[in-house]
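Visitor: I should like to understand the reasoning behind the terms applied to this protein. Please show the structure, and then take the terms one by one.

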Amino acid sequence: MYSSGNPTNIANPIKDASFQIDIITGGGRLTLYQTTLCEKIQWDKLNSDVNFDAYNKNDIQLIRCQPDASIVWLVSDVVQRRFIEFLDWDRDMIITSTWLLTRERPKGKEVVKYETPVDSQDLPEASDVQKALNGTTISFRVHNLYARYFRVTGSGEVRSFEQEVTSGAISVSADLVKNHAAFEWWSFHDLNSSHVRNCEGWTGPMAIVVSEETPPQGILGDTLSKFSIWGLYITFVLAVGRFIRLQCSDLRMRIPFENLPSCDRLIAICENIYAARAEGELGVEEVLFWTLLDILKPIEMVCDSCLAAKKVSGGVIDSFPQCYSSEQEEQYVMD
């Protein structure tokens, strides 16, 4: 469905991107580094030896952001001190990196969030983070922050590559540096930027993203984008199909009640059978039972029994069952 050779699909590149790093403890969450200054470069404009033969080159983009945060560090000293205290009490520190990628389609899923928590074995020591926050040092290091290569599916999901695309590092490690001047801000220093050709010396966050094509706009395209093939199957084949089967099942059992004008006589016989059984009149019950069978066996008897209640004053018949031919209708009126 998302094959590059499928002419029904439309390119869906990344239009906007932002990146941030958060640190989370029992005391809450602090955003250390955040930037919205990210450049989008088409892969065909880069001279790279990365193996992307399985993907359409027009769907691949290099996202690289400025190393300095676009937002000034405005956390007060009081809040920083309390957060540092929580680092002493709570050893379950979490560091997450988040990419926010904006595309034109599909509707309702234009913004894709790719949040990655750092494994506990790659986290820095809590003391290193404390020293960077209180100004004793200016930085701390985090390993394997996020995967440098990932793809965004047409339905808006983020997935890693199924195959090895490069011999270089496939995850990003970085130093987070706190800058002190008239204002304070954080910087991101990529330790492996040299593995990306044409980006030597660039230390800001970088990612190579494959944004897969999506179906065209319209009812069918929007439905496929939002629900996928499995969603359509569950909705129409299982849900709608089951509803249709329920409507058509046991149709022959409903014919006397839905296709015949009146079944009052048959219903009265059934009720009398039940009443005779309740009173212990087994002989009467047997007679009524065989009478009911004699009526139901030939279709003409069923029609006669269900039609008698439809006679109106003047000898005119309101309607005839579908089992009656025109000759039978005339004969019944003459009788």
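**Reasoning from values to terms**

Guide: We may begin with helix α2, residues 126–134, whose buried residues are Ala126, Val129, Gln130, Ala132 and Leu133. The model is a predicted one.

Visitor: What puts the buried residues on the same side of α2?

Guide: They cover an arc of only 165° around the axis, and therefore they lie on the same side of α2. Among the elements that cover them are β1 (16–25), β2 (28–35) and α1 (77–89), together with β7 (139–147), β10 (171–180) and β11 (184–190). After α2 comes Gly135, which has a positive phi, near 95°.

Visitor: Why is strand β12 said to be largely enclosed by the rest of the structure?

Guide: A residue counts as buried when its relative accessible area is under 20%. In β12, residues 206–211, 6 of the 6 residues are buried, so the strand is largely enclosed by the rest of the structure. Met206, Ile208 and Val210 point one way, Ala207, Val209 and Ser211 point the other way, and all are buried.

Visitor: How do you know that β4 and β12 pair?

Guide: Pairing requires at least two bridges between the strands. Strand β4 (residues 60–65) and β12 have 5 bridges, in the antiparallel sense. Gln61, for instance, has Val209 of β12 as its bridge partner.

Visitor: Which way do β8 and β12 run, parallel or antiparallel?

Guide: Strand β8 (residues 149–152) and β12 run parallel, and 4 bridges join them. With at least two bridges as the requirement, these strands also count as paired. Here Tyr149 stands opposite Ile208 of β12.

Visitor: Why is Phe243 called exposed?

Guide: The term exposed applies over 50%. Phe243 has a relative accessible area of 51%, and is therefore exposed. Phe243 belongs to helix α3, residues 219–248.

Visitor: What makes the nonpolar surface patch that includes Phe243?

Guide: The patch, of about 750 Å², is made by Tyr233, Ile234, Phe236, Val237, Leu238, Val240, Phe243 and Ile244. A residue needs over 30% relative accessible area to be part of a patch, and Phe243, at 51%, meets that condition.

Visitor: How much of the protein counts as buried?

Guide: Of its 335 residues, 39% count as buried. The accessible surface of the protein is about 19300 Å², with 54% belonging to carbon and sulfur atoms. Its secondary structure comprises 8 helices and 12 strands.

How values were computed
Residues numbered from 1 in each chain as written. Predicted model: local features only at pLDDT ≥ 70, side-chain atom pairs only at ≥ 80, totals over all residues. Heavy atoms only, no water. Patch = residues over 30% accessible without salt bridge, like charges linked within 9 Å, V, L, I, M, F, W, Y side chains within 5 Å. Areas by Shrake-Rupley, 256 points an atom, 1.4 Å probe, with all protein chains shown as cover. Salt bridge = Lys/Arg side-chain N within 4 Å of Asp/Glu carboxyl O. Helix = DSSP H or I, 4+ residues; strand = E, 2+ residues; numbered from the N terminus. Buried < 20%, exposed > 50% of the residue type's maximum accessible area, 1.4 Å probe, protein only. Arc of directions from axis to C-beta. Contact = heavy atoms within 4.5 Å.
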